[in-house]
Amino acid sequence: MVYKIMASIILSVFYIFVPANFSCGQTKEAAKPPPLIEFRLIDRNDNSPDALRLPVSGDVNQSVAVKPEIIINGADITAVKTHTEKFWLMFKRYERSSVQINFTDAGTQRLKAAIQNNIGEFMAIIIDGKVVCQALMRNSLKGNTFVLEAGMTRDETAKLARLLRKG
């Protein structure tokens, strides 16, 4: 009888000291908040008072001036896929990797307007306050899919797609 009482007291004390955010089987990676994703136009006028200077991911000495308006954020992204195209040119095999991003209807409309008004300009893809990619807007958006061909390797494309999916 005494042992049962002591066991229940010990178990009660144990549960009191367990942290509130403790979860069995959950890793630190799963506990991280999703990354903050933004698509913004690059401000070619570096002296603009409204421009935000953001660091380039992987290069602490480089920064990019972007406009303050956010065109797309992570909530606008509905699906992300990678695509690798293999082709031969002059007897040599090449690969071209791309990221295909689908957006909500509202996000698609904002992106279409931004592209239509800024063909030939660059757009920055920003994750957690760092510019991870700069995309040249070449033509209008068809449907709700944005194809990002940035001369990235297959591994770089996969990494970018993983980050965009988390957002």
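This report covers a three-stranded sheet, a hairpin and a cluster of aromatic rings in a predicted model.

**The sheet**

The sheet is open and has 3 strands, in the order β5-β6-β9. Pairing is antiparallel. Strands of a sheet pair through backbone hydrogen bonds, either parallel or antiparallel. The edges are held by β5 (77-89) and β9 (145-148). Each of these two has a single partner strand, so one side of each lacks a neighbour in the sheet. From one strand to the next, the twist averages 25°.

β5 pairs with β6 (residues 92-103) over 12 bridges, in the antiparallel sense. Within this pairing, Val 80 has Ile 101 of β6 as its bridge partner.

Two helices pack on the sheet. Helix α3 (residues 105-117) touches β6 and β9. Its direction makes about 120° with that of β6. Helix α4 (residues 154-166) touches β5, β6 and β9. The direction of α4 makes about 170° with that of β5.

**The hairpin**

Strands β7 (residues 122-127) and β8 (residues 130-136) run antiparallel and are joined by 6 bridges. Met 123 stands opposite Ala 135 in β8. The two strands form a hairpin, with 2 residues between them. In the turn, Asp 128 has a positive phi of about 55°.

**The aromatic cluster**

Searching the whole structure gives 3 aromatic pairs. Two of them are listed here.

| Pair | Centre to centre | Angle between planes | Geometry |
|---|---|---|---|
| Phe 39 and Phe 146 | 6.4 Å | 65° | edge-to-face |
| Phe 103 and Phe 146 | 6.4 Å | 55° | tilted |

Why is the pair of Phe 39 and Phe 146 edge-to-face? Its planes stand at 65°, and planes over 60 degrees apart count as edge-to-face. For Phe 103 and Phe 146 the planes are 55° apart, and that pair is tilted.

Both pairs reach across the sequence. Phe 39 sits in strand β1 (residues 37-41) and Phe 146 in β9, 107 residues apart, so this pair links distant parts of the chain. Phe 103 lies in β6 and Phe 146 in β9, so their pair ties together parts 43 residues apart in sequence.

Are these rings buried or exposed? Phe 39 and Phe 146 are both buried. Phe 103 is buried too. Together, Phe 39, Phe 103 and Phe 146 form one aromatic cluster.

The cluster also connects back to the sheet: Phe 103 belongs to β6 and Phe 146 to β9, and both strands are part of the order β5-β6-β9.

Terms used
Residues numbered from 1 in each chain as written. Predicted model: local features only at pLDDT ≥ 70, side-chain atom pairs only at ≥ 80, totals over all residues. Heavy atoms only, no water. Pairing = 2+ DSSP bridges. Helix = DSSP H or I, 4+ residues; strand = E, 2+ residues; numbered from the N terminus. Axes fitted to C-alpha atoms, helices over the stretch in contact; angles between N-to-C directions. Contact = heavy atoms within 4.5 Å. Phe/Tyr/Trp six-rings, centres within 6.5 Å; stacked < 30°, edge-to-face > 60°. Buried < 20%, exposed > 50% of the residue type's maximum accessible area, 1.4 Å probe, protein only.
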